[in-house]
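This report walks through selected local features of one protein model. Please keep the sequence and the structure at hand while reading.

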Amino acid sequence: MTDKVPDPPTGAADWWRGAVIYQVYPRSFADANGDGVGDLAGITNHLDHIASLGVDAVWLSPFFTSPMKDFGYDVADYCDVDPVFGTLADFDRLIARAHALDLRIITDLVLAHTSDQHDWFTESRQSPTGTRADWYVWADAKPDGGPPSNWQSVFAGPAWTWDARRGQYYMHNFLPEQPQLNLHNVEVQDALLDVARFWLDRGVDGFRFDAINFAMHDPQLTDNPPAPPGKRTRPFDFQTHRHNQSQPQIPGFLARVRALMDQYPGRFSVAEVVGEAAEPEMQAFTADDRHLNSAYGFAYLYADALTPELVRRANAAWDGAPGQGWPSWAFSNHDAPRAVSRWAEGRDPDRFARMAMLLLMALRGNVFVYQGEELGLPQAEVPFDRLVDPEAIANWPRTLGRDGARTPLPWRADAPHAGFSTVEPWLPVDPRHPPLAVDRQDADPASMLTLTRRLIALRKREPALRLGALRFLDAPAPMLAFERSHGEETLTCVFNLGHEAMAWSPHGAANVLEAVNLDSARTGHLPPLSGLIARRPSI
């Protein structure tokens, strides 16, 4: 433990409302010790780059002790740093440097499951009557020896694995090496709150709670019903997940989390909510100022196309009604193929990346920028023999997988391995990425990186973008138009998401604050993949 908790950045307690948060995937951000894997020291060495974007906070994906079966989302020790990433002292230095740069640090917390190498599970599997016997989800076999229910895991195959030592099945929503914690047990909740307290005392400014709607199960182990026909690439997709996740007791546990975090002023909490019906859970997990501050789902992350209807649907539930929480949005992250490759549909990826960044900064809620998004990186192509992600390997070639979104960040175009490491990285550098490296874009006034800095600055400067209400305007698809209003200020945001130019004229004179890809002198004309934000004149 540090002698003195680093002071957090100054600012209002609700600094997070409308914030821009930059996600770092530590394995792929920067390698400081030359082993081919990114680490905490590498992040610290490059915090100046993140600060230059103008973001409010940094979200770090897991760096805890782990056997890395799911690359850190299988935690073996919640209160230590895995040696591949460094030490607790490295983390303390990262916190201190970030706070000196007025950046807040948000860490992942994985509360639904641990690694099978965690001491808790080692003890739990020894006996049905031991001290931690009920800390995980155990059940007897059916009379025919089969698993206790029909539940399927996300990563393919049953959500149950037989354990001969205990003579029972244990549950896992993900890999067999990620046994499910029993959060119905108050002792387990208490232990997890102690974990959160450990990092809060160490200076962390908040948490992103991984797949938190998987945190509890139906104790009756009721079979899931079949899902309606749809896209199916794995057994998990054949079921409606009514009983292995999304239980009504989860908000009660999150209220306990919130009560703890309220003891640390200015801390931020955001839930990751996975599933087809995420919005009701996002609302429940953030309701009435007694639960988490914010939540985000996969409305954009798993969408095949960016359309006006998608934006309308994603924002429909978040109208600012009394008692309602605050949404968060991401177009890309470490779990989804990069938006440029999912949504460009053969169009110029640079034009698409610019328009998408303008749209992201115009949305109501908090927004997450995934490392490399500020550079316009496309999804990397990773050959099968270099894949390491268990989901990508299990579902190859039916899905793009996650490895292509996790390849090293390119820092220097002409350096070996794009300046990420001095040795071959854990995932290969896509040859399309070095020309988009930070050093190439840093001083270029026309680069995607420069534009990203400018758009983040615009969002921070304009209360209507950061805090204002959102109202959609009538516009023919594939045009998207809405207003952001705060106080007396109203901004009009218009985007052509399509493949062809469209006619559009503002109502009356308007002061254009920012525009992208308006490469035509014609008035009343929006080229494809263009957008603008304009201030509506006072009447």
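## A buried arginine and its contacts

The side chain of R347 has a polar atom 2.8 Å from the backbone oxygen of L497. This is a predicted model, and the distances and areas in this report are computed from it. The side chain of R347 also reaches a second backbone oxygen, that of A344, at 2.8 Å. R347 sits in the loop between α9 and α10.

Is R347 buried or exposed? With a relative accessible area of 12%, R347 is buried, because buried here means under 20%. Not counting residues up to four places away in sequence, R347 touches F352, L497, G498, H499 and L529. One of these, H499, is 152 residues away from R347 along the chain, yet the C-alpha atoms of R347 and H499 are separated by 7.7 Å.

## The cavity beside α9 and α10

The two helices on either side of that loop also appear in the lining of a cavity. The structure holds 1 cavity of 30 Å³ or more, and the largest cavity has a volume of about 120 Å³. Its lining is made of 15 residues, and A339, V340, A353, A356 and E373 are the closest to the centre. Two elements, α9 (339–343) and α10 (349–362), give two or more residues to this lining. Which of the elements gives the most to the lining of the largest cavity? That is α10, with 5 residues.

An open space, the second largest pocket, can be set beside the cavity. This pocket has a volume of about 320 Å³. It is lined by 21 residues, and W16, R17, R258, D289 and N293 lie nearest its centre. The table gives the make-up of both linings.

| Space | Nonpolar | Polar | Charged |
|---|---|---|---|
| Largest cavity | 10 residues | 3 residues | 2 residues |
| Second largest pocket | 7 residues | 6 residues | 8 residues |

## A three-stranded sheet

Strands of a sheet pair through backbone hydrogen bonds, either parallel or antiparallel. In this model, 3 strands form an open sheet in the order β6-β8-β7, with antiparallel pairing. Why do β6 and β7 each have one side without a neighbour in the sheet? Both β6 (138–139) and β7 (160–163) stand at the edges and each has a single partner strand, so one side of each is left without a neighbour.

The pairing of β6 with strand β8 (residues 168–171) is antiparallel and runs over 2 bridges. Within this pair, A139 has Y169 in β8 as its bridge partner. The pairing of β7 with β8 is also antiparallel, and it runs over 4 bridges. Here D163 has Q168 in β8 as its bridge partner. β7 and β8 form a hairpin with 4 residues between them, and G167 in the turn has a positive phi of about 75 degrees.

## N185 and W120

After the sheet, the loop between β8 and α5 (186–201) holds N185. N185 is buried, with a relative accessible area of 13%. A polar atom of the N185 side chain lies 2.8 Å from the backbone nitrogen of E187. Leaving aside neighbours within four places in sequence, N185 is in contact with D134 and W135.

W135 is also among the contacts of W120. W120 lies in helix α4 (residues 119–124) and counts as buried at 11% relative accessibility. Which residues does W120 contact, leaving aside its neighbours within four places in sequence? They are Y78, T114, R132, W135, Y136, L181, A191 and L192. The C-alpha atoms of W120 and A133, which are 13 residues apart along the chain, are separated by 9.1 Å.

## Helix α7 and its cover

An α-helix has 3.6 residues a turn, so residues three or four places apart point the same way. In helix α7 (residues 278–285), the buried residues are A278, E281, M282, Q283 and F285. What covers the buried residues of α7? The cover includes α6 (250–261), β10 (268–272) and β11 (294–296).

Terms used:
Residues are numbered from 1 along each chain as its sequence is written. This is a predicted model: local features need pLDDT of at least 70, side-chain atom pairs count only at pLDDT 80 or more; totals for chains, interfaces and linings use all residues. Side-chain values use heavy atoms; hydrogens and water are left out. On a 1 Å grid over the protein atoms alone, a cavity is a set of points where a 1.4 Å probe fits but cannot get out, and a pocket is an open set with protein on both sides within 12 Å along at least five of seven lines; lining residues have an atom within 4 Å of a point. Grid points are joined across faces, edges and corners, and a volume is the space filled by probe spheres set on the points. Ala, Val, Leu, Ile, Met, Phe, Trp, Tyr, Cys and Pro count as nonpolar, Asp, Glu, Lys and Arg as charged, and the others, Gly among them, as polar. Two strands pair if DSSP finds at least two bridges between them. Buried means under 20% relative accessible area, exposed over 50%, partly exposed in between (1.4 Å probe, protein chains only). A polar contact is a pair of N or O atoms within 3.5 Å; within protein, one must be able to donate a hydrogen and the other to accept it, and residues adjacent in sequence count only if both atoms are side-chain atoms. Contact means heavy atoms within 4.5 Å.
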